[in-house]
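Student: Got a minute to walk me through this one? I'm new to it.
Tutor: Sure, let's look.

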Amino acid sequence: MAINNVKIFPSIGIARLGNSADKYFIGPEIPGNHNPTFNDGDDHNYKDSQFKIKRQAARFRLFGYEEGSNAPKEITLAEANIKWTVELANTKAEWKMFAQRGVGGGVEHPDLPRRNLDVTDRNLLKITPGPRTISEPNQIEKFNTGKFKDKTVPLGEIRTDNEDRLLVLGGSGKSDSPSGRNLDHFADNDDWYDDVSDGPVKALVQIKGTNNWIQASSAWVICAPPKFSPPIEHIVTLYDTLLQVAVDRLNFVMPSRRLSFTKDVYPLLARAMNMKWVSSSASAMHPTLMQMIPVPGSHGPAGSKSDRQGIFNRLRNPNTPPHEHNPGKNMPKIWSDVYDIHNGITLAVTKIQYHIFEQWKDWTGDEIDNDWIGHPVPDTVITPEGLTQAALENCIGGAFYPGIETSYMTRDNYPFIEPFRLDASLLSPGDLTKQMAVPWQSDFNDCGYDTGLQWWPAARPDDVYLTDGSHVKWDREMINSNKDMVDNWYKLGFIVQQGDSYFETQSTIDN
């Protein structure tokens, strides 16, 4: 049968900023596999020889579906003529303030004033270079014509590889104020810009031997700040959050099957255990969680029921109203969207995650398959759904205050045509990042302050281990202001895995 439906995957792709002139790597494409593909063959370094950060490219692929079949087939240059079109934009400076100084977050204040209120021509605040199209392999088109006021701000480029797959690379991490304004707020700084961006990814496909062009179901790309802990996942990932959106808003039905300890429970425990490598406050729970791993070949759970009950009882129930304070239910120790400095209201896991923990708490050996034989090995086969999961599980799913890759409007307001696939006809380029801090470095700096809870240590570490075993602050306490972060963000180190340990490497913040 002929292919009559084509979709782009991942449905939401993630590119990341970097100031290396020509070095980049391709982001994760298989769930659980955090090893990127570097374009220079250097598989160990996230920085180039000049200690500049390599950009993370988002790679998009096309999959075709024959009528009456759910089995997808990847479409490349060998099967089709392809025209890719991408439009990136940064509209942060024109959007609403995220938070009033000294008051709570944007979730509590839906009618906040716009940033840069003194600018009458609002289009001067939008960095909108327009769409770019490429239709041949090994081509490059740059987003280099957008401006903030009268300052040209490049937002990156698109490329095709030799199979005519699409690569999207974001900006260089450049942030500035044309008039030299101070950075006095974590999110809202007038007369400042950065080169974060987002926008739709579209494709026209002509299967060879046919005359018709098929419009593929579009995707979206976010060009976000670097993730400085690439192998460590956040407690609640963006994949978890948008999976819950699919269930709550799109009537998506979760597959009916017994839970697997290896596939469902262990990943959640591992995320909690791995927080010790990026946050000193997480170290205390690590020994207890280690006791929760079954012995391979056993027929029941590890750890006592009272221990599992004790951990479960510490979790904040996701059905609790956002502003309600629950003393004792303060896990995970991550800030929520509600920034209540007095009560320290923590992030709740998703309802789906909470259900998994609940079944694990009651586990007697029958409710969950004890399929544990050791650390799970990721698959090796690229799949459409796996591309989306791999991209999103390496992103922050909360707290959205305002967030790192995207903010709460993506979770709460924006329309989807199917799970994880945004309705591009009802969105504009720049919509997924317009709520974010401007510049992004000011929020990165502010969220490093030790207040008993953390923000996003899986992306922006608080404390790290060096290979000599010493435990230090990630920024070495040498970044003491928002401007310091603007000037020195690329000097910060990356967390890499060595065996079962995670160490910081390539920091030049001391130099």
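**Strand 12 and the cavities**

Student: Which strand pairs with strand 12 through four bridges?
Tutor: Strand 13 (residues 166–169), and the two run antiparallel. Strands are DSSP runs of E, at least two residues, numbered from the N terminus. Two strands pair if DSSP finds at least two bridges between them.

Student: Anything to know about the model first?
Tutor: This is a predicted model, where local features need pLDDT of at least 70, side-chain atom pairs count only at pLDDT 80 or more, and totals for chains, interfaces and linings use all residues. Residues are numbered from 1 along each chain as its sequence is written, and side-chain values use heavy atoms, with hydrogens and water left out.

Student: OK. What stands opposite Leu-167?
Tutor: Arg-159 does.

Student: And how many residues lie between the strands in that hairpin?
Tutor: Five, and Asp-164 there has a positive phi near 70 degrees.

Student: Which strand do three bridges join to strand 12?
Tutor: Strand 9 (residues 140–142), also antiparallel. Glu-141 has Ile-158 as its bridge partner.

Student: Are the strand 12 residues buried or exposed?
Tutor: Buried (under 20% relative accessible area, 1.4 Å probe, protein chains only). Glu-157 and Arg-159 point one way, Ile-158 and Thr-160 the other.

Student: New topic. How much space lies in the largest cavity?
Tutor: About 270 Å³. A cavity is a set of points on a 1 Å grid over the protein atoms alone where a 1.4 Å probe fits but cannot get out; lining residues have an atom within 4 Å of a point. Grid points are joined across faces, edges and corners, and a volume is the space filled by probe spheres set on the points.

Student: Which element gives the most to its lining?
Tutor: Strand 5, with four residues.

Methods: Buried means under 20% relative accessible area, exposed over 50%, partly exposed in between (1.4 Å probe, protein chains only). On a 1 Å grid over the protein atoms alone, a cavity is a set of points where a 1.4 Å probe fits but cannot get out, and a pocket is an open set with protein on both sides within 12 Å along at least five of seven lines; lining residues have an atom within 4 Å of a point.
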